[in-house]
Amino acid sequence: MTAISVRGLRKSYGALEAVRGVDFEIEEGEVFGLLGPNGAGKTTTVEILEGYRKRDGGEVTVLGHNPEHPGRDFRERIGVVLQQAQLWPTLTVRETHAVFAGYYAKPRDVDEVVELVGLADKRDARVKTLSGGQKRRLDLGVALVGDPDLVFLDEPTTGFDPAARRAAWEMIRSLRSLGKTVLLTTHYLDEAEQLADRVAVLREGRIVRIGTPRELTTGDREVEIRYRRNGEEILLRTAEPTRVLHELTTDAVARGEELERLEVRRPTLEDVYLALVQEDAE
Amino acid sequence: MRLFLHQLKTEQLVYWRSREAAVFTFIFPLLLFVLLGSVYSGHIYGVPASQALLAALLGYGCAMVAFAGLAITLVLRREQAILKRLRATPLPPVTYVASLLTSTLIVFALETVALFLLGRAVFGTPFPARVGSVALLIVLGAVCFAAMGVGLSGLVRSGEGSSAVVNLIVLPMAFLTGAFGPTHHYPRFLRAIGDVLPLKYLVDLSNAVYLHKLSFWSQGTAIGVLLAWGAAGVVVAAFKFRWEPREA
């Protein structure tokens, strides 16, 4: 079953074309990552799917609904973690969960969710006393308390320290084991790689690559060959490293030279991603 | 209905839990009543000063709870994206607004009861002779000022600035319209400004119902002006109210 289907999605803010024809599908139970630098159109895309914004063009179906007219039934089935939402500072963690549970027809058990997001020891603490990481866990708990089928996570770990990020990753992984469909946006490559079944790389409102994290990094990657000649560094990029290296070394051996500091290197995931998002348009 | 009651309970919990807001909007008019009541003596409008002050501060209480408090709350919740977050839940916006307004009405009704109890205890002021008319006054005041409060929240841009902007409106308005005491000795032009402000008509209504024991329905002008201001608030709210923070 398809949870989300997006075809030719477009959205402009005045003269700024934020999303310029985006297509993707997300299967039920899949964790899908939208990866890209700031301003690539990730949040705009997600907010259209959540029902916050109207699109200018394209076909969008989310859980069989058109999110442009989000009804109660649609709201019952989605959970949302916004990038910068706060909650009532004076309520406790448990009270906040209970308030949100009350909005849904069939909520999960409040204490169970508090436990699930790792806030059991903070259940009676006021929201304003929580750390940044704990607040994001509260956001996640509140998004899960309605027992949604589909969870939107907009940059769930931005601003986290490494330990908090790992904890958040564990929690997002646990969503998969609950059978939830997850749409995650991030500008961290390692996060997409760690969490997502499939990733779409977004740049300037377009998808420039889509696939599993492995597919993204094993495509048409060129290998870098570096060496020094007369103190000058030489860098070759090639898709045929065997042939190029053979020619290079044959020449050098024939001349009786040593290729100083010879190095053959596959680009890392980071290199591929940076190359994708930094290519000049057209 | 279940959602309405759930949200009403939530609003009450949030209001009384956030002590700063509760003190600012709820306790402040009571405090002012005690202070002014201790300063003014003799008779105003032919009644003991404490009674006249009670009637006036009833109007001020409404402006604080329904107008100032509601506007600041809505601006903060909008800028903190609490409103945006709530919109992603199955809670219908109409239910949210209805429970927020009802919650405001409850707070103002409690404020009124507190004023009368305090007046009785400290200054020996009588309880109102026309309870039904006072109840109608509470509903009309809360609804009209809440409508203006929602409208104002749409005009205030930033959360940090909201309480400054709101006070800049409420304090002079209270001063000019007699909500802090009588204005008949003010210069003519100050009274002329006060004459167009909605709080003047709520204070008039309060004076008529409480001090002069007149029926609520005999005060057509005051009711009409208040409804007109309330309608203006609704119109502004319809165009300017936003659910999402003002960034980008």
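Visitor: Quick one to start. Which residue stands opposite A:Val151 in β7(A)?
Guide: A:Val182 does. Keep in mind that this is a predicted model.

Visitor: Okay. What about A:Leu150, which residue is its bridge partner in β7(A)?
Guide: That is A:Thr181. Both pairs belong to one strand pairing. Strand β6 covers residues 150-154 of chain A, and β7 covers residues 181-186.

Visitor: Parallel or antiparallel, those two?
Guide: β6 and β7 of chain A pair in the parallel sense, over 5 bridges.

Visitor: What sits between them in the chain?
Guide: Helix α6 of chain A, residues 162-177. Together, β6(A), α6(A) and β7(A) form a β-α-β unit, and the unit is right-handed.

Visitor: Where does α6(A) lie?
Guide: Across β3, β6 and β7 of chain A. The helix runs at about 155 degrees to β7(A).

Visitor: Which strands make up the whole sheet?
Guide: Six of them, in the order β5-β6-β7-β3-β8-β9 in chain A. The sheet is open, and its pairing is mixed.

Visitor: And how much are neighbouring strands turned against each other?
Guide: By 15 degrees on average, ignoring direction.

Visitor: Which strands stand at the edges, and why do they count as edges?
Guide: β5 (78-81) and β9 (206-211) of chain A. Each has a single partner strand, so one side of each has no neighbour in the sheet.

Visitor: Let's look at β5(A). How many bridges join β5(A) to β6(A)?
Guide: There are 4, and the two strands run parallel. One facing pair is A:Ile78 and A:Leu150 in β6(A).

Visitor: Are the faces of β5(A) covered or open?
Guide: Covered, both of them. A:Ile78 and A:Val80 are buried on one side, and A:Gly79 and A:Val81 are buried on the other.

Visitor: Any helix over that end?
Guide: Helix α5 of chain A, residues 132-144, lies across β5 and β6. Its direction is about 165 degrees to β5(A).

Visitor: Back to β7(A). How many of its residues are buried?
Guide: 6 of its 6. On one side these are A:Thr181, A:Leu183 and A:Thr185. On the other they are A:Val182, A:Leu184 and A:Thr186.

Visitor: Why do the residues split like that?
Guide: In a regular strand, side chains alternate between the two faces of the sheet.

Visitor: What's on the other flank, β3(A)?
Guide: β3(A), residues 31-35, runs parallel to β7(A), and 5 bridges join the two. There, A:Leu35 stands opposite A:Thr186.

Visitor: Which residues is A:Leu183 in contact with, beyond its sequence neighbours?
Guide: Leaving out those within four places in sequence, the contacts are A:Ile4, A:Ile26, A:Phe32, A:Leu34, A:Val46, A:Leu49 and A:Phe152.

Visitor: Is there a core?
Guide: The largest nonpolar core has 139 residues. A:Leu183, B:Ala63 and B:Ala71 have the most contacts inside it. Helix α3 of chain B, residues 49-79, gives the most to this core, with 21 residues.

Visitor: So chain B comes in. How many residues of each chain are in contact?
Guide: 16 residues of chain B are in contact with 19 of chain A. On the chain B side, α1 (2-17) and α4 (82-87) are the elements that give two or more residues.

Visitor: Which of the elements gives the most to that side?
Guide: α1(B), with 6 residues.

Visitor: How do the residues on that side divide?
Guide: Into 8 nonpolar, 5 polar and 3 charged.

Visitor: New topic: B:Arg246. Buried or exposed, and why?
Guide: B:Arg246 is exposed, because 12 other C-beta atoms lie within 10 Å, and 12 or fewer counts as exposed. B:Arg246 is in the segment after α10 (220-240) of chain B.

Visitor: Which residues is B:Arg246 in contact with?
Guide: Setting aside neighbours within four places in sequence, B:Glu79 and B:Arg157. Also, the C-alpha atoms of B:Arg246 and B:Ser158 are 7.8 Å apart, though 88 residues separate them along the chain.

Visitor: Last bit. What are the overall figures for chain A?
Guide: Chain A has 282 residues, and 38% count as buried. There are 10 helices and 12 strands. The C-alpha trace of chain A spans about 80 × 45 × 35 Å along its principal axes. Of the contacts in chain A between residues at least 6 apart in sequence, 65% join residues at least 24 apart.

Definitions and conventions
Residues numbered from 1 in each chain as written. Chains lettered and ligands numbered in written order. Predicted model: local features only at pLDDT ≥ 70, side-chain atom pairs only at ≥ 80, totals over all residues. Buried ≥ 20, exposed ≤ 12 C-beta atoms within 10 Å, placed from the backbone. Contact = placed C-beta atoms within 7 Å. Pairing = 2+ DSSP bridges. Axes fitted to C-alpha atoms, helices over the stretch in contact; angles between N-to-C directions. Nonpolar A, V, L, I, M, F, W, Y, C, P; charged D, E, K, R; others polar. Right-handed = clockwise from strand over helix to strand, strands pointing away. Core = buried A, V, L, I, M, F, W, Y, C linked by C-beta atoms within 7 Å.
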